[in-house]
Amino acid sequence: MTTALTGQGAAPGVAIGRPFIVAPLVTAAADTGPKGPPAVEKARLREALAQAATELHGLAERMRVAAGADADIFEAHAAFAEDPELADQAGSLIDAGQSAIAAVAAAFGAFRELLAASGNEYLAARATDLDDVAARVVAILCGTSRAVDLPDEPCVVVARELTPSQTAEMPRERIAAIVTETGSPTSHAAILARTLGIPAVVGVTGLLA
């Protein structure tokens, strides 16, 4: 018996393909190595934030060719990585004994909770953007890759929620459509899907059950 699921249309179009489940981003990670003194951890933090900002400026430039004004999404992400208040908060947590990885997760997480609890749909949708940047910084600190290894043939990307950089960095020719369990049509990932011509449905309750 086939179960019908419903959601909100985020980008127009019809597509057929095999589903491919994308794992959630890691915005916090266990510290697997020895923690250095605060000065060392702060240096690692500064380097990771700077690398994240450089990568995001580069992604903005690449998307400017493909998506025009939507490239500003990644300039805004770069601004998160360059935000002195977030850096200072993470630095204070390092002074209190946390590692750079734990400090990034806590500092970005606290700001995320404020956005998610704002009651404003637009601001709540920006919480995912903050997750996107936090995951990039954590991956840099951990030395891990964020790349999604899609099948060679076009597939229907299935996820709890996709971030803007996940949407932009996956090869367009391998994506038939996007379906997510959460998210909204006003999210930056949905905006990018529309610009890139990728059919998308969001808010499909029970999708990954």
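Me: Two strands count as paired if DSSP finds at least two bridges between them. Which residue in β4 stands opposite Cys155?
Reply: This is a predicted model, in which local features need pLDDT of at least 70, side-chain atom pairs count only at pLDDT 80 or more, and totals for chains, interfaces and linings use all residues. Residues are numbered from 1 along each chain as its sequence is written, and side-chain values use heavy atoms, leaving out hydrogens and water. Strands (E, at least two residues) and helices (H or I, at least four) are DSSP runs, numbered from the N terminus. Five bridges join β3 to strand β4 (residues 175-180) in parallel, and the β4 residue that stands opposite Cys155 is Ile175.

Me: Good start! On the other flank of β3, which of its residues is the bridge partner of Phe20?
Reply: That takes us to strand β2 (residues 18-21), which runs parallel to β3 and is joined to it by four bridges. Phe20 finds its bridge partner in β3, and that residue is Val157.

Me: How many residues of β3 are buried?
Reply: Here, buried means under 20% relative accessible area, with a 1.4 Å probe and protein chains only. Strand β3 covers residues 155-159, and its burial means that the strand is largely enclosed by the rest of the structure. The count of buried residues in β3 is five of the five.

Me: Let's step back to the whole sheet. Which are its edge strands?
Reply: Five strands make up this open sheet, with mixed pairing, and their order is β1-β5-β4-β3-β2. An edge strand pairs on one side only, and that singles out β1 (8-11) and β2.

Me: And which residue of β5 is the bridge partner of Ile178?
Reply: Strand β5 (residues 200-202) pairs with β4 in the parallel sense, over two bridges. Within β5, the bridge partner of Ile178 is Ala200.

Me: Now for helix α7. Which residue follows it?
Reply: Helix α7 spans residues 188-196, and its buried residues are His188, Ala189, Ala190, Leu192, Ala193 and Leu196. Just after α7 comes a residue with a positive phi, near 75°. That residue is Gly197.

Me: I'm curious about empty space inside the model. Which element gives the most residues to the lining of the largest cavity?
Reply: On a 1 Å grid over the protein atoms alone, a cavity is a set of points where a 1.4 Å probe fits but cannot get out, and lining residues have an atom within 4 Å of a point. The largest cavity is lined by 14 residues, and those nearest its centre are Ile178, Thr180, Ala189, Ala190 and Val202. The elements that each supply two or more lining residues are β4, α7 and β5. With three residues, the element that gives the most is α7.

Me: What about open pockets? Which helix gives the most to the lining of the largest pocket?
Reply: A pocket is an open set of grid points with protein on both sides within 12 Å along at least five of seven lines. In the largest pocket, four lining residues come from one helix, which spans residues 121-142. The helix that gives the most is α5.

Me: Last one: which residues lie closest to the centre of the second largest pocket?
Reply: Eleven residues line the second largest pocket. The ones closest to its centre are Pro24, Leu25, Asp131, Arg160 and Glu161.

How values were computed:
Buried < 20%, exposed > 50% of the residue type's maximum accessible area, 1.4 Å probe, protein only.
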